[in-house]
Amino acid sequence: MAQQDAQNGGSENAGAVAATVSFVALKPQLFVEAPKANDAVLFYKAAFGAEEVSRSLNPKRKAEHELPLILSAELKIGGSSILVADITDDSASLVKTGGNGVVLCLETGDVEGAIAKALGAGAIAEGEVVEGEGACCGGRVGKVKDPYGFVWLICSPGKKCGGDVEA
């Protein structure tokens with residue numbers, strides 16, 4: 001049984017936490033060179049019929065950018081969601097840490113429990129849990145790196161950013 005648990009991602013030292021953590025979504029986050037996230041959103045709408053669900057803008061606008069940068073635009077394609085964002089000074093480190101330009105965002109009501117479970121399975125914590133504008137549309141977020149170099153943002157379901165959506 002222990003071998004089967006190990007093959008299914010189970011870990012003896014994460015047993016109690018494993019039973020209490022559940023995820024509601026997995027959302028790959030695509031980072032694009034600033035300020036091209038809006039163009040990427042328009043492309044995904046035209047090419048794949050994506051529907052924009054929400055958008056969170058960076059409150060800090062650089063002088064050379066006509067529009068504020070996109071912290072996170074959630075797009076629905078079929079039954080799945082992706083996040084598209086401009087690379088900012090803060091997000092550049094996310095992209096560079098994994099070396100692959102992909103950040104995966106898991107939503108859960110228990111951010112700390114999910115991070116503890118990931119750490120128990122061999123992930124490495126990257127920074128502290130934060131709350132606010134840069135955190136998955138205003139929720140709480142912590143970051144871990146898996147043993148294979150992929151960065152995972154573990155977020156609480158943030159508030160809907162429907163008021164920030166631009167057509």
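**Group meeting: a walk through helix 3 and Ser156**

Okay, so the chain has 5 helices and 9 strands. Going along the sequence, they come in the order α-α-β-α-β-β-β-α-β-α-β-β-β-β. Keep in mind that this is a predicted model. Of its 167 residues, 38% count as buried. And if you take the contacts with a separation of 6 or more, 59% of them are between residues 24 or more positions apart.

Confidence next. The average pLDDT for the chain is 77, and 70% of the residues reach at least 70. Both ends have a weak patch. Residues 1–8 sit below 50, and that stretch makes 2 contacts beyond near neighbours in sequence. Residues 160–167 are below 50 too, though there the model has 15 contacts of that kind. As a rule, coordinates with low pLDDT shouldn't be read in detail, and I'll leave those ends alone.

Let's go to helix 3. On the way in, we pass Pro35, in the loop between strand 1 (23–32) and helix 3. The peptide bond between Ala34 and Pro35 is cis, with omega at about 0 degrees. Most peptide bonds are trans, remember.

The helix itself: does the length work out, and what do we expect for the span of its 12 residues? At 1.5 Å a residue they should cover 16 Å, and the end C-alpha atoms are indeed 16 Å apart, so that agrees. The buried residues here are Ala37, Ala40, Val41 and Tyr44. Looking down the axis, the buried residues fall within an arc of 105 degrees, so they line one face of the helix. In general, a helix has 3.6 residues a turn, so positions three or four apart point the same way. What does that buried set pack against? Strand 1, strand 2 (51–57), strand 3 (70–77) and strand 4 (80–86). Right after the helix comes Gly49, with a positive phi near 70 degrees.

Now the aromatics. The count for the model is 3 aromatic pairs. Take Phe43 and Phe48: their ring centres are 5.8 Å apart and the planes are at 85 degrees, so this pair is edge-to-face. Then there's Tyr44 with Phe48, which is stacked, at 6.0 Å centre to centre and 15 degrees between the planes. Those two both lie in helix 3 (residues 37–48), 4 residues apart, about one turn. Put together, Phe43, Tyr44 and Phe48 make one aromatic cluster. Are the two neighbours in it, Phe43 and Tyr44, buried or exposed? Phe43 is partly exposed, at 46% relative accessible area, whereas Tyr44 counts as buried because its relative accessibility is 17%, and the cut-off for buried is under 20%.

Last stop, the other end of the chain: Ser156. You'll find Ser156 in the segment after strand 9 (151–155). With a relative accessible area of 13%, Ser156 is buried. So what does its side chain reach? The backbone nitrogen of Arg140, at 2.7 Å. Leaving out residues up to four places away in sequence, Ser156 touches Thr108, Val111, Gly139 and Arg140. Arg140 turns up in both of those, then: as a contact and as the polar partner of the serine side chain.

That's the tour. If you open the model, I'd start with Tyr44, which is on the list of buried residues in helix 3 and also belongs to the aromatic cluster.

Terms used: Residues numbered from 1 in each chain as written. Predicted model: local features only at pLDDT ≥ 70, side-chain atom pairs only at ≥ 80, totals over all residues. Heavy atoms only, no water. Buried < 20%, exposed > 50% of the residue type's maximum accessible area, 1.4 Å probe, protein only. Polar contact = N/O pair within 3.5 Å; in protein donor to acceptor, adjacent residues only side chain to side chain. Contact = heavy atoms within 4.5 Å. Phe/Tyr/Trp six-rings, centres within 6.5 Å; stacked < 30°, edge-to-face > 60°. pLDDT = per-residue confidence, 0-100. Expected span 1.5 Å × (residues − 1). Arc of directions from axis to C-beta.
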